[in-house]
Amino acid sequence: MSTDTPANSESALSPEEVAELRSRVDELETELSTLRTEMDDDSKKMVIIATKGTLDMAYPPLILASTAAAFGYDVTVFHTFWGLEILHEENSKDLKLSSVGNPNLPVPNAIAALPGMDRMTTRMMRGKIEDNDVASVEELVRTSLDSGVDLQACQMTIDLLGYDEDDFYEGVTTGVGAASAFQEMVDADIQLLV
Amino acid sequence: MSTETTETLDVKGQNCPMPVIKTKGAFDELADGETLEVVATDAGSVSDIAGWADSTDGAELLDQTEASEDGETVYKHYIRKAE
């Protein structure tokens, strides 16, 4: 079959069809370049939502956040409700352990509910933390900030609990809400609720 | 094996997650080809530092040793920054 014969009129494209194909090719090229950029972006991201403010529950988000930063992750921890206590410079040094509803403590609930019991179990726990060379909450907050972790304090709960922006450690991000946290979660490789 | 170290990081008496975090900080300060020695007492540092080196570009775990010094177990980790 000869290749130099002009295409017959039936298979020839109309100028409109050619224009349509061109614009489709442009569209696909844009899409491909967007995907390539996304693929080249090899920075890993983790987002943790920290909602608890007891002594025991302050540790997991801080330890994971600072560790992930050491692994080269871009880390955001969004603190909301009692999670704000971890970022509150004064309160973070005095977080409590609840003795009620914790079956791992050597006290029955009926006794655990007595006045002063939380203070006692907290003192016991603090003693163990010191004896075992575990870093303090304050040290982990500062280490996380120094490692580039973005520690965020939810604005709605700052207002709800009557805190002031100056109550938090220097370097803590304020003025953020659920939408910005959600947006970061969408982009993250790991999302955790603590 | 000979592990000529350039820098030594002492994290004795520190517990998870500090050995890994401080290792990362000291590693970042190394020049290419230099080796960091990390001295720790945290038993968890053995798997933690191995895992960190495995996931970190340019970090090559040369050796990990365990010895008893003054009645406590001391773990030494040798990490080289690839050239």
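Helix H1 of chain B, which runs over residues 18-29, has 12 residues and should span 16 Å at 1.5 Å a residue, and because its end C-alpha atoms lie 17 Å apart in this predicted model, the two values agree. The expected span is taken as 1.5 Å times one less than the number of residues, and helices (H or I, at least four residues) and strands (E, at least two) are DSSP runs numbered from the N terminus. Within H1(B), the residues B:Met18, B:Pro19, B:Val20, B:Ile21, B:Thr23 and B:Phe27 are buried, where buried means under 20% relative accessible area, exposed means over 50%, and partly exposed lies in between (1.4 Å probe, protein chains only). In the loop between strand S1 (7-11) and H1 of chain B lies B:Pro17, which is joined to B:Cys16 by a cis peptide bond with an omega of about 5°.

The model is predicted, so that local features need pLDDT of at least 70 and side-chain atom pairs count only at pLDDT 80 or more, whereas totals for chains, interfaces and linings use all residues. Residues are numbered from 1 along each chain as its sequence is written, chains are lettered from A and ligands numbered from 1 in the order in which they are written, and side-chain values use heavy atoms, with hydrogens and water left out.

The largest nonpolar core (a set of buried Ala, Val, Leu, Ile, Met, Phe, Trp, Tyr and Cys residues joined through side-chain atoms within 4.5 Å) has 32 residues, and those with the most contacts inside it are A:Val75, A:Val77, A:Val137, A:Val141, A:Leu151 and A:Phe168. At least two residues of this core are supplied by each of strand S1 (45-50), helix H2 (55-70), strand S2 (74-79), helix H3 (84-87), helix H6 (137-146) and strand S3 (150-154) of chain A, and the largest share, 7 residues, comes from H2(A). Apart from this core lies another, of 15 residues, which includes B:Leu9, B:Ala40, B:Ile49 and B:Ile79. In soluble globular proteins, nonpolar side chains tend to be buried together.

Two threonines are also buried. B:Thr35, in strand S2 (residues 35-40) of chain B, counts as buried because its relative accessible area is 5%. Not counting residues up to four places away in sequence, B:Thr35 touches (heavy atoms within 4.5 Å) B:Glu4, B:Thr5, B:Thr6, B:Glu7, B:Leu30, B:Leu62, B:Tyr78, B:Ile79 and B:Arg80. A:Thr51, in the loop between S1 and H2 of chain A, is buried at 18% relative accessibility, and its contacts beyond four places in sequence are A:Thr80, A:Phe81, A:Trp82, A:Gly83, A:Leu193 and A:Val194.

Positive phi values outside glycine were computed for A:Asp133, near 55°, and for B:Asp70, about 50°. A:Asp133 lies in the loop between helix H5 (117-131) and H6 of chain A and is partly exposed, with a relative accessible area of 41%, whereas B:Asp70, in the loop between strand S3 (59-69) and strand S4 (72-81) of chain B, is exposed at 85%.

The largest pocket holds about 210 Å³ of space, and its lining includes A:Asp42, A:Lys44, B:Lys24 and B:Asp57. On a 1 Å grid over the protein atoms alone, a pocket is an open set of points where a 1.4 Å probe fits, with protein on both sides within 12 Å along at least five of seven lines, and lining residues have an atom within 4 Å of a point.

Note on methods. Grid points are joined across faces, edges and corners, and a volume is the space filled by probe spheres set on the points.
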